[in-house]
Amino acid sequence: MKSYIILLTIFLLTSTAFADGEYKEINSSDPTDSETVNDILAFGIREFTIQAAQSNSIPDSDIDLVMIHGAYKQVVNPLNYKFNVEFIDSELNPLFVTLVVYYQPWTGELELTSYTIRDDGQF
């Protein structure tokens with residue numbers, strides 16, 4: 001009986017830690033799901049370049065990744081990942097983008113749900 005109470009307490013503590021739906025920074029030193037996060041980021045970047053070029057959201061679709069400024073995970077049902085990334089275009093102009101990628105682990109479904117482009121360097 002004590003073990004059930006302990007397990008229930010642990011479950012309640014961990015589930016309420018993410019119940020607010022806030023994004024939590026991904027710990028880069030934790031290799032637990034780093035391969036998955038890298039795959040999700042690569043998908044987000046690929047989809048962003050396609051969608052932004054189609055909608056003329058960026059003046060130059062020839063962009064290169066410069067730096068990842070932050071990676072965050074929102075534990076909802078399923079998961080959202082937010083990445084703050086910096087690109088550079090062919091004329092060396094910086095482009096700061098926040099990508100939000102929806103990920104459903106049990107089906108492997110990925111979708112770039114939004115992106116926000118900033119030219120002021122702020123995320």
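Mentor: Before we look at strands, keep in mind that two strands count as paired if DSSP finds at least two bridges between them. The model in front of us is a predicted one.

Trainee: Okay, so which strand is joined to β3 by 11 bridges?

Mentor: That is strand β2, residues 63-75, and the two strands run antiparallel to each other. For a single example, take M67, whose bridge partner in β3 is E86. β2 and β3 also form a hairpin, with three residues between them.

Trainee: And which strand pairs with β3 over 10 bridges?

Mentor: Strand β4, which covers residues 94-104, and this pairing is antiparallel. Here F87 has L95 as its bridge partner in β4. These strands form a hairpin with four residues between them, and within it L92 takes a positive phi near 65°.

Trainee: What's the strand order in the whole sheet?

Mentor: The sheet is open and has five strands in the order β1-β2-β3-β4-β5, with antiparallel pairing. β1 (23-25) and β5 stand at the edges with a single partner strand each, so one side of each has no neighbour in the sheet. If direction is ignored, neighbouring strands are turned against each other by 30° on average.

Trainee: How many bridges are there between β4 and β5?

Mentor: There are nine bridges, again in the antiparallel sense, and T98 stands opposite T116 in β5. Helix α2 packs on this sheet, where it touches β2, β3, β4 and β5, and its direction makes about 60° with that of β5.

Trainee: Switching to rings, how many aromatic pairs are there?

Mentor: The count comes to four aromatic pairs. One of them is F48 with F87, a stacked pair whose centres are 5.6 Å apart and whose planes differ by 25°. F48 sits in helix α2 (residues 34-54) and F87 in strand β3 (residues 79-89), which puts them 39 residues apart, and the pair links these distant parts of the chain.

Trainee: Are those two, F48 and F87, buried or exposed?

Mentor: Both F48 and F87 are buried.

Trainee: Why is the pair of F48 and Y115 called edge-to-face?

Mentor: The ring centres of F48 and Y115 are 5.0 Å apart and the planes stand at 75°, so this pair is edge-to-face; the cut-off for that label is an angle over 60 degrees. Because F48 lies in helix α2 and Y115 in strand β5 (residues 109-118), the pair ties together parts that are 67 residues apart in sequence. Taken together, F48, F87 and Y115 form one aromatic cluster, and the relative accessible area of F48 is 0%.

Trainee: Back to β3, then: how many of its residues are buried?

Mentor: Nine of its 11 residues are buried, which leaves β3 mostly covered. N80 is located in this strand, and N80 counts as buried because its relative accessibility is 15%, where the limit is under 20%.

Trainee: What does N80 touch?

Mentor: Leaving aside residues up to four places away in sequence, N80 touches Y23, Y72, K73, Q74, V100, V101 and Y102.

Trainee: One more, about charges: which ring does the charged end of K82 sit over, at 4.6 Å from its centre?

Mentor: That ring belongs to Y23. K82 also lies over the face of Y72, where the distance to the ring centre is 5.6 Å. Y23 and Y72 are also among the residues that N80 touches.

How values were computed
Residues numbered from 1 in each chain as written. Predicted model: local features only at pLDDT ≥ 70, side-chain atom pairs only at ≥ 80, totals over all residues. Heavy atoms only, no water. Phe/Tyr/Trp six-rings, centres within 6.5 Å; stacked < 30°, edge-to-face > 60°. Buried < 20%, exposed > 50% of the residue type's maximum accessible area, 1.4 Å probe, protein only. Lys NZ or Arg CZ within 6 Å of the ring centre and 35° of its normal. Axes fitted to C-alpha atoms, helices over the stretch in contact; angles between N-to-C directions. Contact = heavy atoms within 4.5 Å.
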